[in-house]
Amino acid sequence: MSRPAVLVARAIQPEVVARLREHFEVEVNSDDNIYSRDELIARLQGKQGVMTTGSERIDDGVLAAAPGLRAVCNIAVGYNNLDVPAATARGVLCTNTPDVLTETTADFGFALMMAAARRVTESEHYLRRGEWKKWAIDMFAGSDIHGATLGILGMGRIGQAIARRGAHGFGMKVIYCNRSRLAAEIEADCKASYVSKDELLRQADHLVIVVPYSASSHHAIGAAELALMKPTATLTNIARGGVVDDAALAQALAAQKIAAAGLDVFEGEPAVHPALLQVPNVVLTPHIASATRATRLAMANLAADNLIAALGFGPQAGRPPTPLNPEVLKPA
Ligand code: 8YV
């Protein structure tokens, strides 16, 4: 019997590719570039599975053009690049990589928030430019993290991990806004209080955005929302670019309507809104919140576990660990 063919849409760790090769004929994107839509469709011909990152859009048109596809395994917890209902309608399994990146991503959210609040990159650029000649009482004075109010928009696994860091590690007062209120024991564990979105924006000294991207969270933070924030506040986005209106944010930063921002994700990335590159009070990183060696390996391995199981191989054959649309799986 011939082995199924699968596509790995971005180069991943060789040891994970080796695991896939135990079961499949594997084609790996050897280029640094994301496939164009047409190239992706061409490469998917004859493939039963694909491993994607958050960048490849798999919509109904792509699925229709790749009728042999049975599984799409994202190496990401976010899956706004996948049209899951369309996949379900076509009987294609979709999977993501929750949990394995929660703590690493929360660490980075905290790092970005602290860097923005304490003006780390802004002051480093000043030093590198050779402008540091003397001390001044207000030199790069930022705002405190300890004891401040941490506001979290989107209280899923990563939001909760950030809340725990703030409450238990830094003595912060934690408030959150979420689609639904969390169970009392989770609120107690995170020492977090539920507030409305407006209250979140008004009260937060440091606002961290961790809400998944969808049509309803598109531009959840725009000019009107930024106007509610304190002029001393910071905003950190580790969710998805489209959740924040980057042009409005750049304007608010330039006009010092808020003090600073930390951004790991951007609308239209890898392009970054040019106005954001012009303002000094923003820390910019290239979507690396989950990027530790250990976590990226765990993510790729989990995606591989999903693909191997989805196509009926390995110890979990037919029972992929983290399905998004388990209803397409046939009962064992
Ligand atoms: C990924 C992410 O690295 O998991 C997510 O949703 O945003 C990141 O951890 C990125 O999407 C590439 O797959």
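User: Let's start with the open sheet of seven strands. What is the order of its strands?
Analyst: This is a predicted model, and in it seven strands line up as an open sheet with parallel pairing. Neighbouring strands are turned by 20 degrees against each other on average, ignoring direction. The order is β8-β7-β6-β9-β10-β11-β12.

User: Which strands stand at the edges of that sheet?
Analyst: An edge strand here has a single partner strand, so one side is left without a neighbour in the sheet. That holds for two strands, one covering 192-194 and the other 282-284. They are β8 and β12.

User: Zooming in on β6 and β7, what is the bridge partner of Leu153?
Analyst: β6 covers residues 149-153 and β7 covers residues 173-177. The two pair in the parallel sense over five bridges. In β7, the partner of Leu153 is Cys177.

User: Which helix lies across β6, β7, β8 and β9?
Analyst: Look at residues 157-170, a helix that lies across those four strands, with β9 at 206-209. Its direction is about 160 degrees to β7. That helix is α7.

User: There's also an open sheet of five strands. What is its order?
Analyst: Pairing in this sheet is parallel. Its edge strands, each pairing on one side only, are β2 (25-28) and β5 (93-95). On average, neighbouring strands are turned by 15 degrees against each other, direction ignored. The order reads β2-β1-β3-β4-β5.

User: Which residue in β3 does Val6 stand opposite?
Analyst: β1 (residues 5-8) pairs with β3 (residues 49-52) in the parallel sense, over three bridges. Opposite Val6 in β3 stands Gly49.

User: At what angle does α13 run to β4?
Analyst: Helix α13 covers residues 293-310. It lies across β1, β3, β4 (71-74) and β5. Its angle to β4 is about 170 degrees.

User: How do the axes of α1 and α13 cross: roughly parallel or roughly perpendicular?
Analyst: The axes of α1 (residues 14-21) and α13 come within 10 Å and cross at roughly 10 degrees. Angles under 35 degrees count as roughly parallel. That makes the α1 and α13 pair roughly parallel.

User: How many residues in the contact of α1 with α13 are nonpolar?
Analyst: From α1 come Val16, Arg19 and Leu20, and they meet Ala300, Asn301, Ala304 and Leu307 in α13. By class, one residue of the contact is charged and one is polar. The nonpolar ones number five.

User: Where is the cis peptide bond, and in which loop is Pro270 found?
Analyst: Most peptide bonds are trans. Here, though, Glu269 and Pro270 are joined by a cis bond, with omega at about 15 degrees. Pro270 is found in the loop between β11 (260-263) and α12 (274-278).

User: What is the phi of Phe140?
Analyst: Phe140 is found in the loop between α6 (120-128) and β6. Most residues other than glycine have a negative phi. Phe140 has a positive value, near 50 degrees.

User: What is the radius of gyration of the protein?
Analyst: The protein has 13 helices and twelve strands. The globule rule gives 20 Å for 332 residues, and the value here is close to that, so the protein is as compact as a globular protein of that length. The radius of gyration is 22 Å.

User: Which residues does UniProt list for the NAD-binding domain?
Analyst: The unreviewed entry names it "domain: D-isomer specific 2-hydroxyacid dehydrogenase NAD-binding". In the model this stretch is 36% helix and 16% strand, with its end C-alpha atoms 10 Å apart. UniProt lists residues 110-289.

Methods: Residues are numbered from 1 along each chain as its sequence is written. This is a predicted model: local features need pLDDT of at least 70, side-chain atom pairs count only at pLDDT 80 or more; totals for chains, interfaces and linings use all residues. UniProt positions are given in the numbering used here, feature names are shortened, and annotations may be inferred rather than shown by experiment. Axes are lines fitted to C-alpha atoms, for helices over the stretch in contact, and angles run from 0 to 180 degrees between N-to-C directions. Angles under 35 degrees count as roughly parallel, over 145 as roughly antiparallel, 65 to 115 as roughly perpendicular and the rest as oblique. Two residues are in contact if their C-beta atoms, placed from the backbone, lie within 7 Å. Ala, Val, Leu, Ile, Met, Phe, Trp, Tyr, Cys and Pro count as nonpolar, Asp, Glu, Lys and Arg as charged, and the others, Gly among them, as polar. Two strands pair if DSSP finds at least two bridges between them. The radius of gyration is taken over C-alpha atoms; the globule rule is 2.2 Å times the number of residues to the power 0.38.
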